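Here are a few exercises to work through with the structure open beside you. Try each task before you read its solution.

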Amino acid sequence: MLRALDVRGPQGSSEGSRQAMGAVAKGDTPRLLCVVCGHWITSAADRIEVAGAHEHTFANPHGFVFRIGCFGAAPGCSAVGVQTAQFSWFAGYAWRAAVCGKCGAHLGWGFAAPDHAFLGLIAGKLVDGPVGARGGKG
Ligand SMILES: [Zn+2]
């Protein structure tokens, strides 16, 4: 007599992690942190689409290729340098460098048009942090 193995049986303790089905409570959103120092830069909820997409890939005049994600706000970033419209990746937008407000690591660029502004942050410069309320301490 053979007994079928119950592959669905619980293995040890149950994990107890309940995943919200698509519904993220307002204010609870994964934080995105500076990869260098862990400073809270922005939140997943601040992702926006620009020119039809969140992610864009561009090359600068020196041939370096950057993959950036667009964010409507990044309170942890500081803008540095002089704003310029030269070589702008987004027509009509002037840009300047955006760095970590804590350690100064280059994270991307801020883009500004007369009626709109956003940040393009380099993929790989941000790491997922804990879920937390937006605008809280951090
Ligand atoms: Zn940093």
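## Exercise 1: Two odd backbone angles

A51 is exposed, since just 9 other C-beta atoms lie within 10 Å. Keep in mind that this is a predicted model.

**Task.** Find out where A51 sits and what its phi angle looks like, then do the same for F87.

**Solution.**
- Step 1: Look for A51 in the loop between β2 (40-43) and β3. Its phi is positive, about 55°, although A51 is not a glycine.
- Step 2: Move on to F87, which lies in the loop between β5 (77-84) and β6 (94-100). F87 isn't a glycine either, and its phi is positive at about 55°.
- Step 3: Check the surroundings of F87. It has 9 C-beta neighbours inside 10 Å, and the cut-off for exposed is 12 or fewer, so F87 counts as exposed.

## Exercise 2: From strands to sheet

**Task.** Work out which strands make up the open sheet, and which of them stand at its edges.

**Solution.**
- Step 1: Take stock of the elements. The protein chain has zero helices and nine strands.
- Step 2: Trace the sheet. Six strands line up as β3-β4-β8-β7-β6-β5, with antiparallel pairing.
- Step 3: Go to the ends of that order. β3 and β5 are the edge strands; each has a single partner strand, so one side of each is left without a neighbour in the sheet.
- Step 4: Add the twist. On average, neighbouring strands of this sheet are turned by 30° against each other, direction ignored.

## Exercise 3: Zoom in on two strand pairs

**Task.** Describe how β3 pairs with β4, and how β5 pairs with β6.

**Solution.**
- Step 1: Start with β3 (residues 55-59) and β4 (residues 65-71), which run antiparallel and are joined by five bridges. A59 stands opposite V65 in β4.
- Step 2: Follow the chain from one strand to the other. β3 and β4 form a hairpin with five residues between them, and G63 in the turn has a positive phi of about 90°.
- Step 3: Switch to β5 and β6, an antiparallel pair with five bridges. Here C77 has C100 in β6 as its bridge partner.
- Step 4: Stop at S78, also in strand β5. Leaving out residues up to four places away in sequence, S78 touches V99 and G101. With 14 C-beta neighbours inside 10 Å, S78 counts as partly exposed.

## Exercise 4: Into the core

**Task.** Which residues of the largest nonpolar core touch the most other members?

**Solution.**
- Step 1: The core has 23 residues, and the ones you want are I41, A74, C77, L107, L119 and L121.
- Step 2: See who contributes. β1 (28-34), β2, β4, β6, β7 (106-113) and β8 (116-122) each give two or more residues to this core.
- Step 3: Pick I41 and list its contacts, skipping residues up to four places away in sequence: L32, L33, C34, A74, G76, C77, C100, L107 and L126.

## Exercise 5: How far to trust it

**Task.** Where does pLDDT stay under 50?

**Solution.**
- Step 1: Begin with the whole chain, where the mean pLDDT is 83 and 75% of residues reach 70 or more.
- Step 2: Now go to residues 5-25, where pLDDT stays under 50 and the model has one contact beyond four places in sequence.
- Step 3: Where pLDDT is low, don't read the predicted coordinates in detail.

Technical notes: Residues are numbered from 1 along each chain as its sequence is written. This is a predicted model: local features need pLDDT of at least 70, side-chain atom pairs count only at pLDDT 80 or more; totals for chains, interfaces and linings use all residues. Helices (H or I, at least four residues) and strands (E, at least two) are DSSP runs, numbered from the N terminus. Two strands pair if DSSP finds at least two bridges between them. A residue is buried if 20 or more other C-beta atoms lie within 10 Å of its own, exposed if 12 or fewer, and partly exposed in between; C-beta atoms are placed from the backbone. A nonpolar core is a set of buried Ala, Val, Leu, Ile, Met, Phe, Trp, Tyr and Cys residues joined through C-beta atoms within 7 Å. Two residues are in contact if their C-beta atoms, placed from the backbone, lie within 7 Å. pLDDT is the predictor's confidence in each residue, from 0 to 100. Axes are lines fitted to C-alpha atoms, for helices over the stretch in contact, and angles run from 0 to 180 degrees between N-to-C directions.
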